[in-house]
Amino acid sequence: MINKYPLWKYVLIAIILVVGLIYALPNLYGEDPAVQISATRTEQVDEAIRDRVQSALSDAGITPKAIEVEADRLLVRFDNTELQ
């Protein structure tokens with residue numbers, strides 16, 4: 001079988017398809033609505049901040065999916081963007 005087009009055109013199409021797939025990968029993951037609270041120069045994120053956020057959310061009648069303290073930030077995850 002004889003190719004109608006030169007090899008470089010097939011290679012170019014393959015490269016474009018691979019780049020397109022890489023750019024499309026984030027669409028496979030769903031939304032994860034969250035609010036991040038970061039540390040400042042004078043305040044550190046610790047369990048006291050976590051408890052204050054938890055009590056403020058419960059006072060507002062909002063139940064978060066998860067509250068995580070990591071390094072210098074507090075991440076509060078919600079079930080949907082309306083709660084966020």
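In this predicted model, the side chains of Glu70 and Arg73 come together in a salt bridge, with 2.7 Å from N to O. Glu70 has a relative accessible area of 32% and is therefore partly exposed, and Arg73, at 28% relative accessibility, counts as partly exposed as well. The two residues are also linked through the backbone pairing of the strands, since the bridge partner of Glu70 in S3 is Arg73. This pair is a convenient place to begin, and from here the path leads into the sheet.

The strands S2 and S3 pair in the antiparallel sense over 5 bridges, and besides the pairing of Glu70 with Arg73 there is that of Val69, whose bridge partner in S3 is Leu74. The hairpin formed by S2 and S3 has 2 residues between the strands, and in this hairpin Ala71 takes a positive phi near 50°.

Seen as a whole, the sheet is an open one of 3 strands, in the order S1-S3-S2 and with antiparallel pairing. S1 and S2 stand at the edges and have a single partner strand each, so that one side of each is left without a neighbour in the sheet. From one strand to the next, the twist averages 15°. On the other side of the pairing, S1 and S3 run antiparallel and are joined by 5 bridges; among the residues that face one another here, Ala34 stands opposite Arg77 in S3, while Gln36 stands opposite Leu75 in S3.

Val35 offers a closer view of how S1 meets the rest of the chain. This residue is placed in strand S1, and it counts as partly exposed because its relative accessibility is 32%. Leaving aside residues up to four places away in sequence, Val35 touches Leu74, Leu75, Val76, Phe78 and Gln84. With one of these, Leu75, the separation along the chain is 40 residues, yet the C-alpha atoms of Val35 and Leu75 are 5.9 Å apart.

The sheet is also accompanied by a helix. H2 lies across S1, S2 and S3, and its direction runs at about 25° to S3.

How many salt bridges does a search of the whole structure find? The search finds 4, and the bridge between Glu70 and Arg73, described at the outset, is one that involves the strands S2 and S3. Salt bridges that share partners join Asp32, Lys65, Glu68 and Arg77 into one network, and two of the links in which Asp32 takes part can be followed in turn.

Lys65 forms a salt bridge with Asp32, and the closest N and O atoms of the two are 3.9 Å apart. Because Lys65 lies in the loop between helix H2 (47-59) and strand S2 (66-70), whereas Asp32 lies in the loop between H1 and strand S1 (34-38), the pair ties together parts that are 33 residues apart in sequence. Lys65 counts as partly exposed, its relative accessibility being 48%, and Asp32 is likewise partly exposed, with a relative accessible area of 37%.

Asp32 meets Arg77 too, and here the side chains form a salt bridge at 2.1 Å from N to O. Why does this pair tie together parts that are 45 residues apart in sequence? Asp32 lies in the loop between H1 and S1, and Arg77 lies in strand S3 (residues 73-77), so the pair spans that separation along the chain. Arg77 is thus a residue that takes part in a salt bridge with Asp32 and that also stands opposite Ala34 in the pairing of the strands.

The last stop is on the surface, where a nonpolar patch of about 760 Å² is made by Tyr5, Leu7, Tyr10, Val11, Ile15, Val19 and Tyr23. One of these residues, Ile15, has its place in helix H1 (residues 7-24). Is Ile15 buried, partly exposed or exposed? At 47% relative accessibility, Ile15 counts as partly exposed.

Terms used. Residues are numbered from 1 along each chain as its sequence is written. This is a predicted model: local features need pLDDT of at least 70, side-chain atom pairs count only at pLDDT 80 or more; totals for chains, interfaces and linings use all residues. Side-chain values use heavy atoms; hydrogens and water are left out. Patches are made of residues with over 30% relative accessible area and no salt bridge: like charges are joined within 9 Å, nonpolar side chains (Val, Leu, Ile, Met, Phe, Trp, Tyr) within 5 Å. Accessible areas come from the Shrake-Rupley method with a 1.4 Å probe; for residues, only the protein chains shown count as cover. Helices (H or I, at least four residues) and strands (E, at least two) are DSSP runs, numbered from the N terminus. Buried means under 20% relative accessible area, exposed over 50%, partly exposed in between (1.4 Å probe, protein chains only). Two strands pair if DSSP finds at least two bridges between them. Axes are lines fitted to C-alpha atoms, for helices over the stretch in contact, and angles run from 0 to 180 degrees between N-to-C directions. Contact means heavy atoms within 4.5 Å.
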